[in-house]
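Reader: Before we discuss anything, could you put the model on the screen, so that I can follow the backbone and the cores alongside your answers?

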Amino acid sequence: METIDIKTLLAALNWRYATKKFDPSRKIPDATWAALEQALVLSPSSYGLQPWKFLVIENPALREQLKANSWGQAQVTDASHFLVLTAKTDLTEVDVERYVQSIASVRGQKRSDLQGNYDMMVGSLVKGPRHAHIKEWAKRQTYIAFGNLMTSAALLGVDACPMEGIDAAKFDELLGLPATGYITVAACALGYRAGDDKYATYKKVRYPVGEMVEHR
Ligand SMILES: Cc1cc2nc3c(=O)[nH]c(=O)nc-3n(C[C@H](O)[C@H](O)[C@H](O)COP(=O)(O)O)c2cc1C
């Protein structure tokens, strides 16, 4: 693997900011967007179960409706791409079986050799006490992909605005999610900053590393 240097990483993380004003005329090239989709899918999740789905909203009329349910935030319609991150509301034996079958097929293993793995996942997340909070668990996993997306975008020079300022229940309704077993977690507008977005000039407000990271 080719690595990037420390300077490049920190420059990208400092360059990234929650973009408020996008240049509506600039579109993310297809290959770059495809890489960002890969970044989402390559995100780690607990056991690797991937309890999420990512919706790329292309329909302009739908984006207008979503904006109306996002406090009118212009990023929803002005950014090149608008993504809704959703999480699975439940996890059953069927989901775990599908995943185990997938491991067997990708890694050329026998399904029977993965029984212990299956039992552990079902015991923990389907039949165990964690099942009571499975929706929250799935949402947490989805946030990992969210973070991965933002860092990846920054490294590719793509601007992003992570968005929780949305009416998630309304999003669910507009996107027809209740019937699918997924719920809206958050959204992300991606594209390129407008030249006059004053937020790009604001200094980062972060507590000192020495205070936030303890060595014990
Ligand atoms: C989960 C999450 C939700 C956010 N929701 C919104 C939002 O709805 N609208 C917005 O303009 N910024 C939103 N932000 C951006 C934050 O305000 C911003 O990341 C924070 O102030 C730090 O600034 P920076 O990202 O520019 O460094 C959100 C950030 C995160 C991580």
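Reader: Is Gln50 buried or exposed?

Author: This is a predicted model, in which local features need pLDDT of at least 70, side-chain atom pairs count only at pLDDT 80 or more, and totals for chains, interfaces and linings use all residues. Residues are numbered from 1 along each chain as its sequence is written. A residue is buried if 20 or more other C-beta atoms, placed from the backbone, lie within 10 Å of its own, exposed if 12 or fewer, and partly exposed in between. Gln50 has 20 other C-beta atoms within 10 Å, and is therefore buried.

Reader: What is the phi of Gln50, and where is Gln50 found?

Author: Most residues other than glycine have a negative phi. Gln50 has a positive phi of about 50° although it is not a glycine. As for its place, with helices (H or I, at least four residues) and strands (E, at least two) taken as DSSP runs numbered from the N terminus, Gln50 is found in the loop between H2 and S1.

Reader: Why is Tyr47 classed as partly exposed?

Author: Tyr47 lies in the loop between H2 and strand S1 (52-56), and its phi is positive, at about 60°, although it is not a glycine. Tyr47 is partly exposed because the number of other C-beta atoms within 10 Å is 15.

Reader: Which element gives the most to the largest nonpolar core?

Author: A nonpolar core is a set of buried Ala, Val, Leu, Ile, Met, Phe, Trp, Tyr and Cys residues joined through C-beta atoms within 7 Å, and the largest has 36 residues. Among the elements that give two or more residues to this core are helix H7 (134-155) and strand S4 (182-191). The one that gives the most, with 8 residues, is S4.
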